[in-house]
Amino acid sequence: MPETSIPPPVAARPSKPVSEALLNEKWDRCLSSLLIRSSLGLSFGVVFSVLLFKRRAWPAFVGLGFGAGRAYEECNGSFLRTNRDGVRVTRP
């Protein structure tokens, strides 16, 4: 009778703790939001600079600042979001 060999159990890989995974996800979302909103603000500033302000640089920097500020506020809100009972609320 042939002997069937049973493969050894697969060693479980240690995964990141849930809190670290959530924190990494929030940071990823914040950085991508910063990049997208800043570039959109900069592009709107460049368009307004060319069309309305005789190619001055300040509208582009103002648009960049508005985009970065909006991303910062959104990110800060996601890190500080709490419920009334002090329990953190996560977005799906």
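The following dialogue discusses the helices, contacts, disulfide and aromatic pairs of a predicted model.

Trainee: What are the conventions for numbering and for reading this model?

Mentor: Residues are numbered from 1 along each chain as its sequence is written, and side-chain values use heavy atoms, with hydrogens and water left out. The model is predicted: totals for chains, interfaces and linings use all residues, side-chain atom pairs count only at pLDDT 80 or more, and local features need pLDDT of at least 70.

Trainee: How many helices and strands does the chain have?

Mentor: Helices (H or I, at least four residues) and strands (E, at least two) are DSSP runs, numbered from the N terminus. Counted in this way, the secondary structure of the chain comes to two helices and zero strands.

Trainee: What distance separates the end C-alpha atoms of α1, and what span is expected?

Mentor: The expected span of a helix is 1.5 Å times one less than its number of residues. Helix α1 covers residues 18–51, and its 34 residues should therefore span 50 Å. The end C-alpha atoms of α1 agree with this, being 49 Å apart.

Trainee: What is the corresponding distance for α2?

Mentor: Helix α2 runs over residues 58–80. Its 23 residues should span 33 Å at 1.5 Å a residue. The end C-alpha atoms of α2 agree with that value, at 32 Å apart.

Trainee: Which region does UniProt list for residues 34–53?

Mentor: UniProt positions are given in the numbering used here, feature names are shortened, and annotations may be inferred rather than shown by experiment. In the model, the span is 90% helix and 0% strand, and its end C-alpha atoms lie 26 Å apart. The name in the UniProt record, an unreviewed entry, is "transmembrane region".

Trainee: What percentage of the chain is made up of buried residues?

Mentor: A residue is buried under 20% relative accessible area, exposed over 50%, and partly exposed in between (1.4 Å probe, protein chains only). The chain has 92 residues, and the buried share of them is 15%.

Trainee: Which helix do the buried residues of α2 pack against?

Mentor: In α2, the buried residues are P59, A60, G63, G67, A71, C75 and S78. In α1, buried residues include K26, C30, S33 and S38, and what covers the buried residues of α1 includes α2. Conversely, the buried residues of α2 pack against α1.

Trainee: Is S38 buried or exposed?

Mentor: S38 is found in helix α1. Contact means heavy atoms within 4.5 Å; leaving aside neighbours within four places in sequence, S38 is in contact with S33, L64, G67 and A68. Because its relative accessibility is 10%, S38 counts as buried.

Trainee: Which residues does L64 touch, not counting those up to four places away in sequence?

Mentor: L64 is found in helix α2 and is partly exposed, with a relative accessible area of 31%. The C-alpha atoms of L64 and S43 are separated by 8.2 Å, although these residues are 21 apart along the chain. The residues touched by L64 are S38, G41 and L42.

Trainee: Which cysteines does the disulfide join?

Mentor: A disulfide is a pair of cysteine sulfur atoms within 2.5 Å, and by this rule the count comes to one. Its S to S distance is 2.0 Å, and the link is right-handed, with 95 degrees about the S-S bond. The pair links distant parts of the chain, one cysteine in helix α1 and the other in helix α2, 45 residues apart. Both cysteines are buried, and they are C30 and C75.

Trainee: How many aromatic pairs are there, and how are W27 and F79 arranged?

Mentor: Rings of Phe, Tyr and Trp (its six-membered ring) pair if their centres lie within 6.5 Å; planes under 30 degrees apart count as stacked, over 60 as edge-to-face and the rest as tilted. By this rule the count comes to two aromatic pairs. W27 and F79 lie 5.2 Å centre to centre, with 55 degrees between the planes, and their pair is tilted.

Trainee: What are the centre distance and arrangement of the rings of F53 and W58?

Mentor: F53 is partly exposed, with a relative accessible area of 30%, and W58 is partly exposed at 44%. Their ring planes stand at 55 degrees. The centres are 4.8 Å apart, and the pair is tilted.
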